[in-house]
Amino acid sequence: MPERKPEDKHVLLVEPQAMLRRTVALTARSLGMAQIHEAASIALARQILRQRPFDGAIIAVDDGATVHDLGLLDQVRSGESASSPQMPIAVMTDNCTGEQLIQLKQRHVARVIVKPFRAKILLEALASLAQQKSD
């Protein structure tokens, strides 16, 4: 089966901040980077991931909280979603300690993006995910 172009790939963006989520999604779509599907919360993302497969995901694992919610990563990696358990995933976080970085690496996270960041960094991560194979 021929490899799909980046603009034909579907990426889930999980980010509670509407302005950031919309800006990244609109920019990525206009540049033909990927088809972006948006979720404003981890709970909504769980539902979306059960309904359709994705080629990659960018997930905010915290929202100013000191605890990272890695349950969504575990859901994908354990095969409890419509996506491949090997789907490339990048995470966004307000902070990342060494221990948290180890937890993310254990879950095969492709990239960690620490907030605040420039939109270009997130778009680069998105482009990278769209180019990777998920299975």
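Me: Is Arg29 buried, exposed or partly exposed, and what is its relative accessible area?
Reply: Happy to start there, keeping in mind that this is a predicted model. Buried means under 20% relative accessible area and exposed means over 50%, with partly exposed in between. Arg29 falls in that middle class because its relative accessible area is 34%.

Me: Which residue forms a salt bridge with Arg29, and which residues are linked in the network?
Reply: Arg29 pairs with Glu38, and their closest N and O atoms are 3.5 Å apart. Glu38 also bridges to Arg21, here with 3.3 Å between the closest N and O atoms. That second pair ties strand β2, home of Glu38, to Arg21 in helix α1, 17 residues apart. The network of salt bridges links Arg21, Arg22, Arg29 and Glu38.

Me: Does Arg21 count as buried or exposed?
Reply: The cut-off helps here: under 20% relative accessible area means buried. Arg21 has 11% relative accessibility, so this residue counts as buried.

Me: What does Glu15 form a salt bridge with?
Reply: Let's look at where the two partners sit. Glu15 is in the loop between β1 and α1, while its partner is in the loop between β5 and α5, 100 residues apart. Both are buried. The closest N and O atoms are 3.0 Å apart, and the partner is Lys115.

Me: Which residue does a cis peptide bond join to Lys115?
Reply: The residue in question lies in the loop between β5 and α5. Omega of the bond is about -5°, and the residue joined to Lys115 is Pro116.

Me: Why do the buried residues of α5 lie on the same side of the helix, and what arc do they cover?
Reply: An α-helix has 3.6 residues a turn, so residues three or four places apart point the same way. In α5, the buried residues are Leu122, Leu123, Ala125, Leu126, Leu129 and Ala130. They are on the same side of α5 because the arc they cover around the axis is only 160°.

Me: Which residues are exposed on the other side of α5?
Reply: The buried residues of α5 pack against β1, α1, β2, β3, β4 and β5. On the other side of α5, the exposed residues are Lys120 and Gln131.

Me: Where is His108 found, and what is its phi?
Reply: His108 is found in the loop between α4 and β5. This residue counts as exposed, at 59% relative accessibility. Although His108 is not a glycine, its phi is positive, at about 55°.

How values were computed
Residues are numbered from 1 along each chain as its sequence is written. This is a predicted model: local features need pLDDT of at least 70, side-chain atom pairs count only at pLDDT 80 or more; totals for chains, interfaces and linings use all residues. Side-chain values use heavy atoms; hydrogens and water are left out. Buried means under 20% relative accessible area, exposed over 50%, partly exposed in between (1.4 Å probe, protein chains only). Helices (H or I, at least four residues) and strands (E, at least two) are DSSP runs, numbered from the N terminus. The arc is that of the directions from the helix axis to the C-beta atoms. Contact means heavy atoms within 4.5 Å. A salt bridge is a side-chain nitrogen of Lys or Arg within 4 Å of a carboxyl oxygen of Asp or Glu.
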